[in-house]
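Colleague: I have a predicted model open in front of me, and I would like to ask how some of the descriptions of it are justified. Could you take me through the reasoning one step at a time?

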Amino acid sequence: MFKKLLNKYRSFPVTVRAAFWFTICNFVLKGISFVCMPIYTRFLPEEEYGTMSLITSYEVIFTIITTLELYNGAFNRGILKFKEDVKTFEQTIVFLSNFLSLIWFVIVMLLNKPFTDFTGISLGMFAIMTVYFLTRSAYECWLNKKRFEYNYKAAVTITLLMAFISNLAPIITIKIFGATAFVKIVSTLVIQILFSLPFWFRNFDFKNLISKKSNIKKYLSFALKYQLPLIFHSISYYILGQSDKIMIEKLTNKTNVAFYSVTYSFASVIIIFQNSLNQVIKPWRFQKLDKDKFADVRSMSNMIIVVVGAVISIFMMLVPEVFKLVFKPNYYEALEIVPAVTASVYFMFLYTLFVDIQSFYGKTTYIAYASTICAALNIVLNYFGIKMFGYFACAYTTLICYILMSLLHFIFMRITCKKENVTEKPVNAAFIWGFSMILLVFFIFVDLIYDYVIIRYSILLAICAAIFIFRKKLMAAWKQIKSK
């Protein structure tokens, strides 16, 4: 039996095996964080947990500003464009990212008082963050290259080992040095720096850089032209995800930040699932677009949004009981915003389908337009929403903005395809938007009946029954896509 399963597994294409292991890896990552999360909510006072969430939000924004996230957008596109010289291109991305990080470190040192007063982050902690930014770029380039090559064994092993130690170490240090946000965050950063250092040092092959110096200017030009418009998208994306916490703290208190944060941490189980899918599908999609195989892209997109929609629906049905099992009673009030937060996760995934197509054709300016508009709207809606309805309003304003973002990116994707003379449609618009609207109505319905356990579990059983009934069609669709 085992041998039969093993042979079946080995018969799968490498893309399927990579998708499987990256998905498993990301679920294990989230599982580790999920297990540690209630430990932190018990060890850390609510205000300290809120402070930890705030500093983590700032760290995410600083990462975008100081590195431009060159290791994601520009690197992912560049290793396909410059596949004959990936090593030099990777070195160029790492050194450019490091140069930018050091510039921002100097700026923060010069403006240390206003920086510390606004963020509450000490210069010592920011110095540790800067070392993390320097080393992380090298690790992320290595990891993305492994994903692109479907070389999942090394990537999964290193990622899981880092996650396990970086989550375990803070629990030990909190017990030894005290239950503070500072201890938790610094412990995590130090572990991640130590893991990333070997990948950073491997880029110091100056002999290769000197021999390929004629290409470096071309790589720098490509990276900056490609990534600079995306910086607005990245900042806007994280404003949608992180500014809520900052505004809740400024307009209410850190305890409310803690309540709001655990809800998003809970929903991040689904974010991890969809991100792991997208990390594998993205290089596959780029390769299909490069060969003009639009039918394959459409088929995969249709199937993936149905899978993601079903998983999110099942997750939403199960959350209340699991939430109460994991968290202390004083966090229970945050359950009211779970449906809105979960619905946001779906539209967060949906817009990436359209963004990937824009990215492939290099139209990153359009991506920045949509993201900036939605981020600005989110800040305005959050301000008035928090003032009128409290921190609960942030969940609903964020959902509105993600729906708008999906629509805008869809429009800009169509404009991009028209400009690039793409005659065949890369997505099935009628199916995608029809399914999305049905799912949105379902989310609203679930929000209304969330307290009725019997109705909720009846719906859950109906979803599971539908999956079982249509399992053959789903498997047939998957095999059709797998064979292409």
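Colleague: How do you know that the span of helix α16 is close to the one expected at 1.5 Å a residue?

Modeller: Helix α16 covers residues 393–419, which is 27 residues, and the expected span is 1.5 Å times one less than that number. The expected value is 39 Å, and the helix reaches 39 Å from its first C-alpha to its last. Just after α16, Asn-421 takes a positive phi of about 60°.

Colleague: What makes the span of α8 close to its expected value?

Modeller: With 26 residues, α8 reaches 37 Å from its first C-alpha to its last, set against an expected 38 Å. Just after α8 comes Gly-178, with a positive phi of about 125°.

Colleague: How do you know that α8 and α9 meet?

Modeller: Contact means heavy atoms within 4.5 Å, and residues of α8, including Ile-158, Leu-161 and Phe-177, meet residues of α9, among them Val-183, Ile-191 and Phe-199. By class, this contact has 12 nonpolar, six polar and one charged residues. The axes of α8 (residues 152–177) and α9 (residues 181–201) come within 8 Å and cross at roughly 145°, and the crossing is right-handed.

Colleague: What makes up the lining of the second largest pocket, by class?

Modeller: The lining has 15 nonpolar, three polar and one charged residues, and Phe and Ile, for example, count as nonpolar whereas Thr counts as polar. The pocket itself has a volume of about 360 Å³. Of its 19 lining residues, the closest to the centre are Tyr-58, Ile-61, Phe-62, Phe-118 and Thr-119.

Colleague: Which helices each supply at least two residues of that lining?

Modeller: They are α3 (46–67), α5 (86–110), α6 (112–119) and α11 (213–251).

Key:
Residues are numbered from 1 along each chain as its sequence is written. This is a predicted model: local features need pLDDT of at least 70, side-chain atom pairs count only at pLDDT 80 or more; totals for chains, interfaces and linings use all residues. Side-chain values use heavy atoms; hydrogens and water are left out. Axes are lines fitted to C-alpha atoms, for helices over the stretch in contact, and angles run from 0 to 180 degrees between N-to-C directions. Helices (H or I, at least four residues) and strands (E, at least two) are DSSP runs, numbered from the N terminus. A crossing is left-handed if the near helix is turned anticlockwise from the far one by less than a right angle, and right-handed if clockwise. On a 1 Å grid over the protein atoms alone, a cavity is a set of points where a 1.4 Å probe fits but cannot get out, and a pocket is an open set with protein on both sides within 12 Å along at least five of seven lines; lining residues have an atom within 4 Å of a point. Grid points are joined across faces, edges and corners, and a volume is the space filled by probe spheres set on the points.
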